[in-house]
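Visitor: Before we look, could you walk me through the reasoning behind the labels you use, step by step?
Guide: Gladly; ask about any label, and the value will be set beside its rule.

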Amino acid sequence: MTRTFHVLTAAVFLLSPPVLADEPVDLGMVTRIREEGLHHSQVMETVRHLTDVLGPRLTGSPQLKEANEWTRQRLADWGLREASLDPYPFGRGWSFSRSAVHMLKPQQLPLSALPKAYTPGTAGPVRGTVIVAKLAKEEDFEAWRGKLAGKIVLTTDEPLDLVHPADVEPRELNEETLRDLGRFPVPAERGADPFKERIERAKLREALNRFLAEEKALATIDSSTRPWGVLRVSRGGSFDPGLSAGVPSLVMTAEHYNRLRRLVEAGQEVELEIEVEARFHDEDLKAYNTLAEIPGTDRGGEIVMVGAHLDSWHGGTGATDNAAGCAVVMEAVRILQTLGIKPKRTIRIALWTGEEQGLYGSYAYVTEHFGSWSGPEDPESRKWISASNWKGEGKLSLLPGHAKLSSYFNVDNGGGKIRGIYAEESAAVRPIFEAWLAPLHDLGADTVTLRRTGGTDHESFQDVGLPGFQFIQDELDYTARTHHSNMDVYDHLDRENLMQASVVVASFLYNAAMRPEKLPRAPLPGPNPSKP
């Protein structure tokens, strides 16, 4: 039986006048979801396989393709329909199997470092003298022409301050931080043209890679941006076969890097031996999203979607970023499938890839099914900026499927407990979400904020005017330790947090699939304000 109750809502913690929401919530179904998710969970089994067994899942790598197939089969085994792998153009893959850095002079000892993705290996051990070179812009290159051959180059401009590290967010959101999250800040004035900045960064990366290769530098080493031995590493070369891969490039722990730099700047000769075994995978230039669904019954092809990104960087096993999110959304649909629900709308799960490189997987899906921007007219911008960043550039074209999507929900902020959801400036959805959260308050999920959040796959949906939402999660050690680092492993996940998150997501999916109307939509986005 569906019980309808009235929830007196307001901005978080009574920050605006109350609004009365008349939103039906099936409390009997919420009870069943809680029972299945809190007493019969499989979320840790799922996330353990994604991390400990499959390991890091860099887009284009054999490990990610294995994860694609495993998740597809897992969803099919649970009884979901249309479990499939959806291809899209990406580029070459990359993987590494060995990385070793040793100081030979002035002392002999191992150093902690990992290679950047999409850079070549060393073809065996190589030895070279260490130098410090400022290469922050193309104008810096000329001063180093003819001086880099056979050298190992330290390239980080300023050493990380380990005495006064940057402040980090609290591990758990408390009443004060949640109250602050509910206050909506007036947006700042539009700053520099983001397109121009992205183009300049992409052109500099390519120019630097080519310069280092032409000058025959042995390798480059950057400092990690985190202290305490944390190796935060992402990409160095390019997954575009037409661009330069540069030279072997590594990231070293800040403490070891700072020592090398001090020695060199003091006039001490420093010699290192580096060995990196890495390879590119050019046999398949496509990447794949994993898709599956619980079919709808009577809403004319309308869809509710949920997703998380399956890909990760290669330093750890991609546990908090984002095997946790994948396990949560997989567990959410498993709960609903196990309960035998017959949703009015189809519930579709998507495990995206290419997120870390720029939302490639979710953008490709949105472009194929819902709509896209035509992009900038000048060839230079189109060459250097991926289409997933074309929001507001050119003309927005919509496909028939655009009208069928009710909402998209995303999970991608670590392994923390869900505390609520970002309403993305939609005052119309706030009372709806607050009604859905009401029977989950005792699990710690009670906050709706009109603020926006970005940096993950719900943006691909928002960019074409679709309702896309990301959940609020406790920070835990995400930014300070695990994000893109060698510490992003299973040990930093919490069973109770992932079980709680799975129940919250399952409840949202059920409510969105069963409500009489699709979720309210914001106006379609227009062109960038700086454009005519």
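**Cavities, rings and cores**

Guide: About 50 Å³ of space lies in the second largest cavity, and please keep in mind that this is a predicted model.

Visitor: What makes up the lining of the second largest cavity, by class?
Guide: That lining has 1 nonpolar, 6 polar and 2 charged residues; among the residues that line the cavity are Trp-313, Asp-321, His-484 and Asp-488.

Visitor: How much space lies in the largest cavity, and which residues line it?
Guide: About 80 Å³ lies in the largest cavity, and its lining includes Tyr-363, Trp-373, Trp-390, Lys-391 and Asp-463. The lining residues divide into 6 nonpolar, 4 polar and 2 charged, and strand E15 gives the most, with 3 residues.

Visitor: Why is the pair of Trp-352 and Tyr-408 called tilted?
Guide: The ring centres of Trp-352 and Tyr-408 are 6.2 Å apart, with the planes at 55°. Rings pair if their centres lie within 6.5 Å, and planes under 30 degrees apart count as stacked, over 60 as edge-to-face and the rest as tilted, so an angle of 55° makes this pair tilted. The pair links distant parts of the chain, since Trp-352 is in strand E14 and Tyr-408 in strand E17, 56 residues apart.

Visitor: Why, then, is the pair of Trp-436 and Phe-508 called edge-to-face?
Guide: Here the centres are 5.2 Å apart, within the 6.5 Å cut-off, and the planes stand at 90°, which is over 60 degrees, so the pair is edge-to-face. Trp-436 belongs to helix H11 and Phe-508 to helix H14, 72 residues apart, and this pair too links distant parts of the chain.

Visitor: How do you know that Trp-436 and Phe-508 are buried?
Guide: Buried means under 20% relative accessible area; Trp-436 has 1% and therefore counts as buried, and Phe-508, at 1% relative accessibility, counts as buried by that rule.

Visitor: What makes you say that the charged end of Arg-92 sits over the ring of Phe-280?
Guide: The charged end of Arg-92 is 4.4 Å from the centre of the Phe-280 ring, where the distance limit is 6 Å. Lys-147 lies over the face of Trp-144 at 5.9 Å from the ring centre, also within 6 Å.

Visitor: Which residues have the most contacts inside the largest nonpolar core?
Guide: They are Ile-349, Phe-409, Phe-433 and Leu-509, in a core of 71 residues. A second, separate core of 21 residues includes Tyr-365, Val-366, Trp-373 and Val-464.

Note on methods
Residues are numbered from 1 along each chain as its sequence is written. This is a predicted model: local features need pLDDT of at least 70, side-chain atom pairs count only at pLDDT 80 or more; totals for chains, interfaces and linings use all residues. Side-chain values use heavy atoms; hydrogens and water are left out. A nonpolar core is a set of buried Ala, Val, Leu, Ile, Met, Phe, Trp, Tyr and Cys residues joined through side-chain atoms within 4.5 Å. Buried means under 20% relative accessible area, exposed over 50%, partly exposed in between (1.4 Å probe, protein chains only). Rings of Phe, Tyr and Trp (its six-membered ring) pair if their centres lie within 6.5 Å; planes under 30 degrees apart count as stacked, over 60 as edge-to-face and the rest as tilted. Helices (H or I, at least four residues) and strands (E, at least two) are DSSP runs, numbered from the N terminus. A charge sits over a ring if NZ of Lys or CZ of Arg is within 6 Å of the ring centre and within 35 degrees of the ring normal. On a 1 Å grid over the protein atoms alone, a cavity is a set of points where a 1.4 Å probe fits but cannot get out, and a pocket is an open set with protein on both sides within 12 Å along at least five of seven lines; lining residues have an atom within 4 Å of a point. Grid points are joined across faces, edges and corners, and a volume is the space filled by probe spheres set on the points. Ala, Val, Leu, Ile, Met, Phe, Trp, Tyr, Cys and Pro count as nonpolar, Asp, Glu, Lys and Arg as charged, and the others, Gly among them, as polar.
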